Amino acid sequence: MNSAEDRAWMERAIDLSRKCPPAEGAFSVGAIIVGGDGKELAHGYSRETDAHVHAEESALAKLPVDDHPLTGATIYSTLEPCSERRSRPLTCTQLILRSPIRRVVIAWREPSLLVADCVGVEMLREAGAEVLELPDLADAARAVNAHLLA
């Protein structure tokens, strides 16, 4: 993928994050999984299916791993994948690492508002995943979360 394609997918993920029902104590996040061929495989957003589902979790749950070649895929998430979680046994970082996806693109690192020190990016990189940040789109991802940041 080139940077123009990465930007276009992230802008679509930001659009998805606007579908999230705002919630106290939870970020509104959009995520898209794109195959190595450049086609969308799945997407999701926070609170799409229940009050606790995260965007990456929702997108990954829509893909039966045995039916979709995820090797070479990229997951786009408007916020750094979580490294701590109270509502589920696995974090989004762990879910990504359990999949064959080894390329992660984010717009914004998780601030210390809800978790003192999110280390999703660090965990992904330590496990050999490529993590690309698009900081010029961070303001757009943050704007969707004005309900938490005001």
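1. Let's start with Arg7, a good residue to find in this predicted model. Arg7 is partly exposed, and its relative accessible area is 28%. Two acidic residues pair with Arg7, and the next two points take them in turn.

2. The first partner to look at is Glu11, whose side chain meets that of Arg7 in a salt bridge with an N to O distance of 3.5 Å. Where do Arg7 and Glu11 sit relative to each other in helix H1? They are four residues apart in helix H1, so about one helical turn separates them. Glu11 is partly exposed too, with a relative accessible area of 38%.

3. The other partner is Asp136: here the closest N and O atoms of the salt bridge with Arg7 are 2.1 Å apart. Arg7 belongs to helix H1, while Asp136 lies in the loop between strand S5 (130-133) and H5, so this pair ties together parts that are 129 residues apart in sequence. Is Asp136 buried or exposed? Asp136 counts as exposed, because its relative accessibility is 52% and the cut-off for exposed is over 50%.

4. Now move along the chain to Glu48, which forms a salt bridge with Lys62; their closest N and O atoms are 2.8 Å apart. This pair also links distant parts of the chain, 14 residues apart. Glu48 is in the loop between strand S2 (40-45) and helix H2 (55-61), and Lys62 is in the loop between H2 and strand S3 (74-77). Both residues are partly exposed, with relative accessible areas of 25% for Glu48 and 36% for Lys62.

5. Some salt bridges share partners, and in this way Asp50, Glu57, Arg85 and Arg88 are joined into one network. The count for the model comes to 14 salt bridges.

6. Next, turn to the nonpolar residues. The largest nonpolar core has 24 residues, and those touching the most other members are Met10, Phe27, Ile32, Tyr76, Ala107, Trp108 and Leu137. Helix H1 (3-17), strand S1 (30-34) and helix H5 (138-143) are the elements that each give two or more residues to this core. Which element gives the largest share? H1 does, with five residues.

7. Trp108 is worth a closer look. Leaving aside residues up to four places away in sequence, which residues does Trp108 touch? They are Phe27, Thr78, Leu79, Glu80, Ala138, Ala141, Arg142, Asn145 and Leu149. Apart from the largest core lies another core, of 16 residues, including Ala42, Leu63, Ile96 and Val131.

Conventions
Residues numbered from 1 in each chain as written. Predicted model: local features only at pLDDT ≥ 70, side-chain atom pairs only at ≥ 80, totals over all residues. Heavy atoms only, no water. Core = buried A, V, L, I, M, F, W, Y, C linked by side-chain atoms within 4.5 Å. Buried < 20%, exposed > 50% of the residue type's maximum accessible area, 1.4 Å probe, protein only. Contact = heavy atoms within 4.5 Å. Salt bridge = Lys/Arg side-chain N within 4 Å of Asp/Glu carboxyl O.
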